[in-house]
Amino acid sequence: MLRFGWDGRRVQNLSNKILLNAVKEFSPLKLRIGGSLQDKVIYGVDPQQPCTPFVKKKSEMFGFSQGCLPMHRWDELNGFFKKAGAVIIFGLNALNGRVHLPGGSLGGPWNSTNAASFIHYTVNKGYTIHGWELGE
């Protein structure tokens, strides 16, 4: 499994020729970007808001704090996807704005504002996303 990591720590060097050629060999490879932490990510589309990385926190859901996907990293990833000929399916944050209720469930409406801004950013940059996923 290829893990890109929301904060870029899993795959640092997207210009690695071995990695690029490996993904190209499976072209058109469909890459699903998401997973458990997709529900804890904020997209760094607002330059006025801090974009802080995930931090390990055992007391938090999935063992991590909320974290941010910086747009410079999203730009780097999309450059890699284009060079590799990969088809992207991206999982959006489906829990933003929802609150924890007694018993462990979640309530309240989804706040889609940050996800909508992220989608607009992606479209305005001309990035091709094969599909958007909401929830796992």
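Begin by selecting helix 1 (residues 17-25) and helix 2 (residues 71-84), whose axes come within 9 Å of each other and cross at roughly 55 degrees. That angle makes helix 1 oblique to helix 2, since it falls neither under 35 degrees, where a pair would count as roughly parallel, nor in the range from 65 to 115, where it would count as roughly perpendicular. The crossing of these two helices, helix 1 and helix 2, is right-handed. To see where they meet, show the side chains of Leu 19, Leu 20, Val 23 and Lys 24 on helix 1, together with Phe 80, Lys 83 and Ala 84 on helix 2, for these residues make the contact. Two packed helices are described by the angle between their axes and the distance between the axes, and both values will be useful again at a later stop.

**The whole chain**

Now zoom out, and keep in mind that this is a predicted model. The mean pLDDT of the protein chain is 81, and 83% of its residues reach 70 or more. If you colour the chain by confidence and look at its elements, helix 3 has the highest value, at 95, while strand 5 (residues 99-100) has the lowest, at a mean of 80.

Switch to a cartoon view and follow the chain, which holds 3 helices and 7 strands. Starting at the N terminus, you should meet the elements in the order α-β-β-β-α-β-β-β-α-β. Of the 136 residues in the protein chain, 37% count as buried, and the accessible surface comes to about 8400 Å², with 54% of that belonging to carbon and sulfur atoms. Among the contacts with a separation of 6 or more, 67% are accounted for by residues 24 or more positions apart.

**From helix 2 to helix 3**

Keep helix 2 selected and add helix 3 (residues 113-124). The axes of helix 2 and helix 3 come within 12 Å and cross at roughly 45 degrees, and helix 2 and helix 3 are therefore oblique to each other. Helix 2 passes helix 3 in a right-handed crossing, and the contact is made by Met 71, Trp 74 and Asp 75 of helix 2 with Phe 118, Tyr 121 and Thr 122 of helix 3.

**Asn 114 and Asp 46**

Staying on helix 3, select Asn 114, which lies in this helix. Is Asn 114 buried or exposed? Asn 114 is buried, because its relative accessible area is 15% and the cut-off for buried is under 20%. Leaving out residues up to four places away in sequence, Asn 114 touches Ile 42, Tyr 43, Val 45 and Asn 96.

Next, pick Asp 46, found in the loop between strand 2 (41-44) and strand 3 (67-70). Although Asp 46 and Asn 114 are 68 residues apart along the chain, their C-alpha atoms are separated by 8.8 Å. Asp 46 counts as partly exposed, at 34% relative accessibility.

The loop between strand 2 and strand 3 also holds Lys 56, which is exposed, with a relative accessible area of 69%. From Lys 56, draw a distance to Gln 66, which is 10 residues apart from it in sequence and 9.6 Å apart in space, C-alpha to C-alpha.

**A cis peptide bond and strand 4**

Move to the loop between helix 1 and strand 1 (30-33), where Pro 28 has its place. Most peptide bonds are trans, but a cis peptide bond joins Ser 27 and Pro 28, with omega at about 0 degrees.

From Pro 28, step across to Val 87 in strand 4 (residues 87-92). Apart from neighbours within four places in sequence, Val 87 is in contact with Pro 28, Leu 29, Lys 30, Leu 31 and His 130. Val 87 and Leu 31 are 56 residues apart in sequence, and their C-alpha atoms are 6.0 Å apart in space.

**Last stop: Trp 110**

Finally, select Trp 110, in the loop between strand 6 (106-107) and helix 3. At 32% relative accessibility, Trp 110 counts as partly exposed. Which residues is Trp 110 in contact with, leaving aside its neighbours within four places in sequence? They are Asn 93, Ala 94, Leu 95, Asn 96, Arg 98, Ala 115 and Leu 134. For Ala 94, which lies 16 residues from Trp 110 along the chain, the two C-alpha atoms are separated by 6.5 Å.

Technical notes: Residues numbered from 1 in each chain as written. Heavy atoms only, no water. Helix = DSSP H or I, 4+ residues; strand = E, 2+ residues; numbered from the N terminus. Buried < 20%, exposed > 50% of the residue type's maximum accessible area, 1.4 Å probe, protein only. Contact = heavy atoms within 4.5 Å. pLDDT = per-residue confidence, 0-100. Areas by Shrake-Rupley, 256 points an atom, 1.4 Å probe, with all protein chains shown as cover. Axes fitted to C-alpha atoms, helices over the stretch in contact; angles between N-to-C directions. Parallel < 35°, antiparallel > 145°, perpendicular 65-115°, else oblique. Left-handed = near helix turned anticlockwise from the far one by under 90°.
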